[in-house]
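Please open the model in a viewer and keep the sequence alongside. The tour below proceeds by selections, each followed by a description of what is found there.

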Amino acid sequence: MDTIDLKALVRLMECGRVSWAELGVSLGLSAPAAAERVHKMEERGVIKGYAALIDPEAVGFGLTAYVALSIERPEHRASLLEKVMEMPEIQECHHIAGEDDYLLKVRCRGTKHLEHLVSTELKGLPGIIKTRTTIVLSSVKETPALPVKY
């Protein structure tokens, strides 16, 4: 990746709906040349997709929590990860080092929803030996942008 590719990524992170013409201007390229660069980065998997950033509270998912999970044995991993992939409330799942095995970022409608998710859905899985839940009171910064420099 060269400087122009990195500059394109920064611009797309700022505004994913930028037109090819606008992107081309900011890169010093024609619209078709800018589009070709972006398509190549999509093909290589550098750009994984595009999405609208939605205010969770505006659509009824105002409670954010982090759930740390510990599993009994590695053979329980597959059923956990299968469940994680099918639950839209789980926005992120990270295999982590340290005392816990996984850290989940979840969005729920409220505490009853969170209680069901943790106590029934997750703790009901075989091999889950411990959970630790932290509820977010407020968020000062949340961004999908990476600190890419060019």
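Leaving aside its neighbours within four places in sequence, with which residues is D5 in contact? Select D5 together with R37, M41 and R44: these three are its contacts once neighbours within four places in sequence are set aside. The model is a predicted one. D5 belongs to helix α1, and its relative accessible area of 8% is under the 20% limit, so D5 counts as buried.

**The first helix pair**

Next, select residues 3-14, which form helix α1, and residues 20-27, which form helix α2. The two helices pack at an angle of about 130°, and their axes are 10 Å apart. The pair α1 and α2 is therefore classed as oblique, and the crossing is right-handed. To display the contact, show the side chains of I4, K7, A8 and R11 on α1, and of L23, S26 and L27 on α2. Coloured by class, the residues of this contact of α1 with α2 comprise four nonpolar, one polar and two charged.

**The second helix pair**

Keep α2 in view and add helix α3, residues 31-43. The axes of α2 and α3 come within 7 Å and cross at roughly 95°. An angle between 65 and 115 degrees counts as roughly perpendicular, and α2 and α3 are therefore described in that way. On the α2 side, the contact is made by W20, A21, L23, G24 and L27; on the α3 side, by A31, A34, A35, V38 and H39. The contact of α2 with α3 divides into eight nonpolar and two polar residues, with no charged residue.

Helix α3 also contains E43. What is the relative accessibility of E43? The value is 68%, and E43 therefore counts as exposed. For a long view across the model, select E43 and E115: they are 72 residues apart in sequence, and their C-alpha atoms are 41 Å apart in space.

**The loop between α3 and β1**

Move on to P56, in the loop between α3 and β1. P56 has a relative accessible area of 22% and is thus partly exposed. Leaving aside neighbours within four places in sequence, the contacts of P56 are F61, G62 and R107. P56 and R107 are 51 residues apart in sequence, yet 7.7 Å apart in space from C-alpha to C-alpha.

**The nonpolar cores**

As general background, nonpolar side chains in soluble globular proteins tend to be buried together. Which residues have the most contacts inside the largest nonpolar core? They are L80, L104, V106 and L122, in a core of 19 residues. To see where this core draws its members, select β1 (63-71), α4 (77-86), β3 (102-108) and α5 (111-122), each of which supplies at least two residues. Strand β1 gives the most to this core, with five residues.

Centre the view on V106. Its contacts, leaving aside neighbours within four places in sequence, are L63, T64, A65, V67, E89, I90, L114 and L117. Apart from the largest core lies another, of ten residues. Select L12, L23, M41 and I47, which are among the members of this other core. Two of these residues have appeared earlier: L23 takes part in the contact of α2 with α3, and M41 is one of the contacts of D5.

Note on methods:
Residues numbered from 1 in each chain as written. Predicted model: local features only at pLDDT ≥ 70, side-chain atom pairs only at ≥ 80, totals over all residues. Heavy atoms only, no water. Helix = DSSP H or I, 4+ residues; strand = E, 2+ residues; numbered from the N terminus. Buried < 20%, exposed > 50% of the residue type's maximum accessible area, 1.4 Å probe, protein only. Axes fitted to C-alpha atoms, helices over the stretch in contact; angles between N-to-C directions. Parallel < 35°, antiparallel > 145°, perpendicular 65-115°, else oblique. Left-handed = near helix turned anticlockwise from the far one by under 90°. Contact = heavy atoms within 4.5 Å. Nonpolar A, V, L, I, M, F, W, Y, C, P; charged D, E, K, R; others polar. Core = buried A, V, L, I, M, F, W, Y, C linked by side-chain atoms within 4.5 Å.
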